[in-house]
Amino acid sequence: MSSALTNLLQSLRIVPLGHGKSSNQVVVVPSKKQRLKLEDLPEITLEEVAQHDSFDDCWVVIYDRVYDVTHFLRDHPGGDDVIMDHAGRDATIAFHGTGHSGDAIELMKDFLIGQLPTKQHIFRTGKNKVLSLGIPE
């Protein structure tokens, strides 16, 4: 996909999955005023998340949910490099380890675009009480 078209889609907050590679799926990323309901979250695989690992297209997984943090990178209080260390991957341990505030957890909802398929869940399985303790909704 050409970069001009990609930029246009991102400005409209419509992001192609697979970054133009063999994937025909499209996720419509909600605006801050239009949050997705948890039951409406599309499934996005770890393989699809891995395609979004750059400064102009950055997705991370936190507690089995997928977040498009592309437009938050420059505003992150800890710097964009902290997030870029986990771009396209699971960032749960790093996120949890820094002790984010309730406000930060609430802000995450603005960037929520999907969730991992159940078979790829680590934290929201309902089987392991230790891993599921303290997970923000």
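Tyrosine 63 is buried in this predicted model, with a relative accessible area of 5%, and its place is in the loop between β4 and β5 (65-68). Although tyrosine 63 is not a glycine, its phi is positive, at about 50°. Aspartate 64, whose place is also in the loop between β4 and β5, has a positive phi of about 70° although it is not a glycine either, and it counts as buried because its relative accessibility is 1%, under the 20% limit. The points below go from the chain as a whole to its cores, its largest pocket and a few individual positions.

**Chain overview**

- The chain contains six helices and six strands, and, when it is read along the sequence, these elements follow the pattern α-β-β-α-β-β-β-α-α-α-β-α.
- Of the 137 residues of the chain, 40% count as buried, while the area that the chain exposes comes to about 8000 Å², of which carbon and sulfur atoms supply 56%.
- When contacts between residues at least 6 apart in sequence are taken, 66% of them join residues that are at least 24 apart.

**Nonpolar cores**

- The largest nonpolar core has 18 residues, and those with the most contacts inside it are Cys58, Val60, Ile62, Tyr67, Val69 and Ile83.
- The elements that give two or more residues to this core are β4 and α3, and β4 gives the most, with three residues.
- Valine 69, which is named among the residues with the most contacts inside the largest core, is in contact with Cys58, Val60, Ile83 and Phe111 once its neighbours within four places in sequence are left aside.
- A second core, separate from the largest one, has seven residues, including Trp59, Val61, Ile113 and Leu116.

**The largest pocket**

- The volume of the largest pocket is about 420 Å³, and of the 20 residues that line this pocket, the closest to its centre are Phe72, His76, Ile83, Phe95 and His100.
- Two or more lining residues come from each of β4 (57-62), α3 (80-84), α4 (92-97) and α5 (102-108), with α5 supplying the largest share, four residues.
- Sorted by class, the lining of the largest pocket has 15 nonpolar, four polar and one charged residues.
- Ile83 appears in both settings, as one of the residues with the most contacts inside the largest nonpolar core and as one of those closest to the centre of the largest pocket.

**Isoleucine 113 and leucine 38**

- Isoleucine 113, a member of the second core, lies in strand β6 (residues 112-115) and counts as buried because its relative accessibility is 0%, under the 20% limit.
- Isoleucine 113 and valine 66 are 47 residues apart along the chain, yet their C-alpha atoms are separated by 5.8 Å.
- Leucine 38 lies in the loop between β2 (26-28) and α2 (46-49), and its relative accessible area of 35% makes it partly exposed.
- Leucine 38 and isoleucine 113 are 75 residues apart in sequence, and the distance between them in space is 9.9 Å, C-alpha to C-alpha.

**Aspartate 53 and its contacts**

- Aspartate 53 lies in strand β3 (residues 53-54) and counts as partly exposed because its relative accessibility is 45%, a value that falls between the 20% limit for buried and the 50% limit for exposed.
- Leaving aside the neighbours of aspartate 53 within four places in sequence, the residues in contact with aspartate 53 are Met84, Ala87 and Gly88.
- For one of these partners, glycine 88, the C-alpha atom is separated by 4.4 Å from that of aspartate 53, although the two residues are 35 apart along the chain.

How values were computed
Residues numbered from 1 in each chain as written. Predicted model: local features only at pLDDT ≥ 70, side-chain atom pairs only at ≥ 80, totals over all residues. Heavy atoms only, no water. 1 Å grid on protein atoms, 1.4 Å probe; cavity = no way out; pocket = protein on both sides within 12 Å on 5 of 7 lines; lining within 4 Å. Points joined across faces, edges and corners; volume = space filled by probe spheres on them. Nonpolar A, V, L, I, M, F, W, Y, C, P; charged D, E, K, R; others polar. Core = buried A, V, L, I, M, F, W, Y, C linked by side-chain atoms within 4.5 Å. Buried < 20%, exposed > 50% of the residue type's maximum accessible area, 1.4 Å probe, protein only. Contact = heavy atoms within 4.5 Å. Areas by Shrake-Rupley, 256 points an atom, 1.4 Å probe, with all protein chains shown as cover.
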